[in-house]
Number of protein chains: 2
Amino acid sequence: MRQCESKLKLLRTAHELISQQSYGSVGVDQICEQSGVKKGSFYHFFRSKSELTVAAYEYHWASLQETLDRIFSAEKPPLDRLDDYFNHVRQTQTDRLQRYGRLLGCPFVSLGCELSTQDESIRLMAQKISEGKRAYLENTIREAIEHGDVSAADPRALADELHTYIVGLVQEAKIANDIRVLDRLKSGAYRLLGLHIAPAAV
Amino acid sequence: MRQCESKLKLLRTAHELISQQSYGSVGVDQICEQSGVKKGSFYHFFRSKSELTVAAYEYHWASLQETLDRIFSAEKPPLDRLDDYFNHVRQTQTDRLQRYGRLLGCPFVSLGCELSTQDESIRLMAQKISEGKRAYLENTIREAIEHGDVSAADPRALADELHTYIVGLVQEAKIANDIRVLDRLKSGAYRLLGLHIAPAAV
DNA sequence: CTTGATCTTGACTGATCGGTTAAGTACCTT
DNA sequence: AAGGTACTTAACCGATCAGTCAAGATCAAG
């Protein structure tokens, strides 16, 4: 197998398996087998399971950012960005539900929730990515206020609340293993934003 | 060791260790050692680690319900109950942070998040308890509306939103490992409830 | 064609995993 | 005192855990 292909394979497989199951229940052997990479190679590229996991999730975050940059494109009206984001959240969960038969929730939150108390580097990564997601919302809300779509004194505080709500709702959907929990995503979010009518027809 | 004392010790120790660390990182041996109970006794009382965990968390939920019944006592004004509950959430996290040096979040949500995709009986337990907590909020909101403190058309929907917000916020606090995240608990909750001024001075 | 670095391979480590077994002890009922 | 049940004890199981190691393969650059 050529050059860095093994490393990429490990990154992708690790993220897939761990987000589908959990950190604790996925073994290094399992990751290696599904990657078609031998264990020695694993420990050539990564010093530990924890280090691979951080790398795998940051790798996934980098590609997610590309998607989010498109969704939150400055060329769209702010409220359209939010609507597209809510659609994206729901669609992502729906896709994974189809593929794996289980509603998986947010991989970053799930991993952070499992390991925040035990592995500081994983906690820091989860925290950093959570802040990254929150920042997309804050920028958009700030522009929505400038645009006159939303009236709020503190865009930062409003973004915090919206982000908290989304995190909580996706979490609840995972525990309920029911995509219909996400039916409340738009309505709750728009209520938080003070928009009692959805901007685009839902 | 007498009668059911071993069983209770296992229930308490299992909940403590797993909520402090994670399901995957706590072994049956560790639970047994910390309980002072031998492994054979463990498997006399419980058929598996999973079954013990469900029993341990339901045992904890039963005692938590006693506390919640006091907090949500029908003899108090509805908004006082909510305020007491918010104080309780914060105090619980503060206490555990002191004792364990880590912000642990909600044990039920954490366990559900880790294992919902893998262990159906644990998922069902987490879902049931989540609904139990939500019900306290819904009853209180319903009475707050009757009482004229809150104006909302759908108490069920409002309770859903509030519960989602609390779950999300405690989760974020865990990942941030920072109790100050919970500073947003009351302000966000009261904003959700349409109360822009806290009912009791904060 | 050689060198040295990068990557791969498969066998291996000791520890720990969840769970089992069978013999033994304490206790309650009669 | 007898018998049965509930519980305890310690040794034990095969599987799996994260991680190591040394020898070999592949590669680019000189």
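In the predicted model, the interface between the two chains comprises 37 residues of chain B in contact with 37 residues of chain A. On the side of chain B that touches chain A, two or more residues each are given by α6 (107-115), α7 (120-146), α8 and α9 of chain B, and the largest share, 12 residues, comes from α8(B). Divided by class, this side of chain B holds 11 nonpolar, 18 polar and 8 charged residues.

The arrangement of the two copies was examined by superposition, in which chain B can be laid on chain A with an RMSD of 0.0 Å by a turn of 180 degrees, accompanied by a shift of 0.0 Å along the axis. The two copies are therefore related as by a two-fold rotation axis. Among the residues of chain B, Gly168(B) comes closest to this rotation axis, its C-alpha lying at 1.8 Å. Because 100% of the interface residues of chain B are also interface residues in chain A, the copies meet through the same surface.

Within chain B, helix α8 (residues 155-176) packs with helix α9 (residues 184-192) at an angle of about 160 degrees, the axes of the two helices being 10 Å apart. Since angles over 145 degrees count as roughly antiparallel, α8(B) and α9(B) are roughly antiparallel to each other, and their crossing is right-handed. The contact is formed by Glu161(B), Leu162(B), Tyr165(B) and Leu169(B) in α8(B), which meet Arg184(B), Leu185(B), Gly188(B), Ala189(B) and Leu192(B) in α9(B); these residues divide into 6 nonpolar, 1 polar and 2 charged.

Technical notes. Residues numbered from 1 in each chain as written. Chains lettered and ligands numbered in written order. Predicted model: local features only at pLDDT ≥ 70, side-chain atom pairs only at ≥ 80, totals over all residues. Least-squares fit on C-alpha atoms with pLDDT ≥ 70 in both. Contact = placed C-beta atoms within 7 Å. Axes fitted to C-alpha atoms, helices over the stretch in contact; angles between N-to-C directions. Helix = DSSP H or I, 4+ residues; strand = E, 2+ residues; numbered from the N terminus. Parallel < 35°, antiparallel > 145°, perpendicular 65-115°, else oblique. Left-handed = near helix turned anticlockwise from the far one by under 90°. Nonpolar A, V, L, I, M, F, W, Y, C, P; charged D, E, K, R; others polar.
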